[in-house]
Every structure is written in structure tokens, then in C-alpha cells.
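Reader: I'd love a close look at one part of this protein, the stretch around its pocket and its cavity. Could you walk me through it slowly, residue by residue where that helps?

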Amino acid sequence: MNFSSDNIQLFLAVLDRGSFSAAARTLGRVPSAVSMAIGNLEAELGYPLFERGPREVRPTAQAVALEPHARLIAEQLGLLQVHALELSQGLESSLTLAVVPDIDQRPLFAAIARLGERYPLLDIQLLSAPQEDALQLLDSGRADLCLAFAGLHVDASRGFQHIGTESLVATLSPAHPALRDGRIRYLEDLINVRQILVRSRDLPLADPRALIGATHWSTDSFDFAVQMVEAGLGWGDLPLARVAPLIAAGRLVRLRFANTRNELQLPIHAFWRRQQPLRQAARLLIEQLAKC
């Protein structure tokens, strides 16, 4: 079949306008050229696309069958042309994000959805990893952006933008012996209960703020950590946004302390490498996250 971007555009113009002359005006051509091009296409296909009338043309059954495919191809060609222009203006071809799983991911998904609407051909990859691993993915160049908790120290090699705050709350299974026996009244009582941590398998823990238990078990999977706490294997300092449904359902208990509020608020930053300036899609994503 000798369909091309040009005669697909011409075919759709005749369909939409209902006559060769109206399609010609839309395309900036003379009617005879449009009529000849459609005739040549019909000859190559071996069947008519339009029934000619004195002033208008009507699509044949074959033309109606081809229409949805032609429109899809025309839309994709339009997206391709726009994307090619945006690439020439500084848009990156792909964007890789390393995301700490402890944060509420709903604002991220909303921002990515808007980014996808703006740049539908942009290739987006999401990598989920514990704090230290996520930042390592950024520093090594494997990720373009990293969404993670703000550290205790500012790293001069990274730029950052504050995008939100996450509340970590100490949670425990309602069946855990320490809860049943009333052994946890104060925050410091958690020192004697095993803690479940989400941390890197290979890198040292960079931020000790959430580390309280004298003994702990760890995993690099946030989902495993939640299941371990729910199974009564220990307590966890877990993001409220992620575990609130489990608390509401009675599967986890948010502990109450007599001497302090059970909530550790940590700022969330979008990080990037200073040696590699932010490009178009990355800037827009950070702007959207900051708004959220």
C-alpha cells in the first residue's frame, strides 16, 4: 500500500470537508491536484474511496473502514513532529526518577500524569529504592532525579527543591506482646522492642533519626517491612500516608506516648546533580511536585 503522511492527510481532509474543493482550500492546494491524488491512491489500492457527486463526495465502505486507522496514524505523526521540535528545543528523550518508597506517591503520580499529557512521547522510568540506594542511583548517573528525605547535611554536589513533608509514626501489630502487656508507655520504651527498618542492603544508614531500637531487622522492601510489622515481628517507624488505611482497619496500631507526640516530620526534597543542569521535563516535574 502506498499510503504516506501526505496522502493520509489528504484522505482525511476530503473525509472531513466532504468535497475536493473544500479539502483543497484547507490544504492550500488546487482542487484538481486533490482529485488527481485521490484518484492515484484509489488506483493503487484497487477500489474507490469516494463516490463522486456534482458538488460533494461520499466515502465508500472501504474508506469508512480505513478512517480510524488513518486518524490514529495522523495523530501519532503529529505527536512525533511536536516531540521532534521539543527535542530540538532542549527536551530530554527520557527521564529516570529514583523514589524512596516511604513517601506518599500520590502527588508524584499526579505530577507524572500531567507531564505525560504535556510530553506524551517522553520515556519515563521509575526506580524504587531505600534512601541511601536512591541517592546512589542519582549520584552514579543512573537516575536524573531523586525524590527522598532531606539529609542531616547539605551535599554540595546536589541541587534540591523542597516538595513536601512526610510524617513517620511508630506502629505495631495489635497482637504484639509488648502492646498487650502495656510495656510501651514512653518513646524510650521502644529501645527494648525490635525495630523493623527499610534500608539499603549494601550502604550504611546515613540518617539515624528514625533508628531507636537497640535491636533491629531490616529489609530493602517497604512492602516487606509493613508486612513484617503487621506480622508482629517488631515495630516500625512508617509513613502515615502509606499506613493510615491499615491503622484505620485495625491491622496496625499507631502508638501513643505519655511524654511526646508519636510523629517524626521529615522534609521531602527533589534532588539532582549540580554538574548536570536540569532539562525541560525535569524542571516541569519539579514545578508540579512543588505545587502539589
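Author: Happy to; what follows goes from one helix to the open pocket, then to the enclosed cavity and two residues from the chain beyond. Please keep in mind that this is a predicted model.

Let's start with helix 6, which covers residues 131–139. Its buried residues are Gln131, Glu132, Asp133, Ala134, Leu135 and Leu138. The cover over these buried residues includes strand 3, strand 5, strand 6 (158–172) and strand 11 (264–273). After the helix comes Gly141, with a positive phi near 90°.

Now to the largest pocket, which holds about 430 Å³ of space. It is lined by 19 residues, and those closest to its centre are Leu135, Gly151, Leu152, His153 and Arg158. You have already met Leu135 as one of the buried residues of helix 6. Helix 6, strand 6 and strand 11 are the elements that give two or more residues to this lining. Helix 6 gives the most, with five residues. By class, the pocket lining divides into nine nonpolar, five polar and five charged residues.

Two of those central pocket residues, Gly151 and Leu152, lead us to Arg209. This arginine is found in the loop between strand 7 and strand 8, and it touches Ala150, Gly151, Leu152, Leu264 and Leu266, leaving aside residues up to four places away in sequence. With a relative accessible area of 31%, Arg209 is partly exposed, because that value falls between the 20% limit for buried and the 50% limit for exposed. Its C-alpha lies 15 Å from that of Arg261, which is 52 residues away along the chain.

Next comes the enclosed space. The structure holds one cavity of 30 Å³ or more, and about 310 Å³ of space lies in the largest cavity. Its lining has 18 residues, of which Asp102, Leu168, Val198, Leu205 and Ala210 are closest to the centre. The elements that give two or more residues here are helix 6, strand 7 (195–198) and strand 9 (235–239). Helix 6 therefore appears in both linings, that of the pocket and that of the cavity, as the listed elements show under the numbering used for helices and strands. The largest share of the cavity lining, four residues, comes from strand 7. By class, the cavity lining has twelve nonpolar, two polar and four charged residues.

Val198, one of the residues closest to the cavity centre, is also a contact of Thr219. Thr219 lies in strand 8 (residues 216–219). Besides Val198, it touches Leu197, Arg199, Phe224, Ala225 and Met228, again not counting residues up to four places away in sequence. Thr219 is buried, with a relative accessible area of 10%.

Finally, strand 3 and strand 5, both named in the cover of helix 6, also take us to helix 5 (residues 106–118). This helix has 13 residues and reaches 19 Å from its first C-alpha to its last, close to the expected 18 Å. Its buried residues are Leu108, Ala111, Ile112 and Leu115. Seen down the axis of helix 5, they fall within an arc of 100°, so they line one face. That buried set packs against strand 3 (94–99), strand 4 (123–128), strand 5 (145–149) and helix 10 (280–291). On the face turned away from the buried side, helix 5 carries the exposed residues Arg106 and Glu117.

Definitions and conventions: Residues are numbered from 1 along each chain as its sequence is written. This is a predicted model: local features need pLDDT of at least 70, side-chain atom pairs count only at pLDDT 80 or more; totals for chains, interfaces and linings use all residues. Side-chain values use heavy atoms; hydrogens and water are left out. The expected span of a helix is 1.5 Å times one less than its number of residues. Buried means under 20% relative accessible area, exposed over 50%, partly exposed in between (1.4 Å probe, protein chains only). The arc is that of the directions from the helix axis to the C-beta atoms. Contact means heavy atoms within 4.5 Å. On a 1 Å grid over the protein atoms alone, a cavity is a set of points where a 1.4 Å probe fits but cannot get out, and a pocket is an open set with protein on both sides within 12 Å along at least five of seven lines; lining residues have an atom within 4 Å of a point. Grid points are joined across faces, edges and corners, and a volume is the space filled by probe spheres set on the points. Ala, Val, Leu, Ile, Met, Phe, Trp, Tyr, Cys and Pro count as nonpolar, Asp, Glu, Lys and Arg as charged, and the others, Gly among them, as polar.
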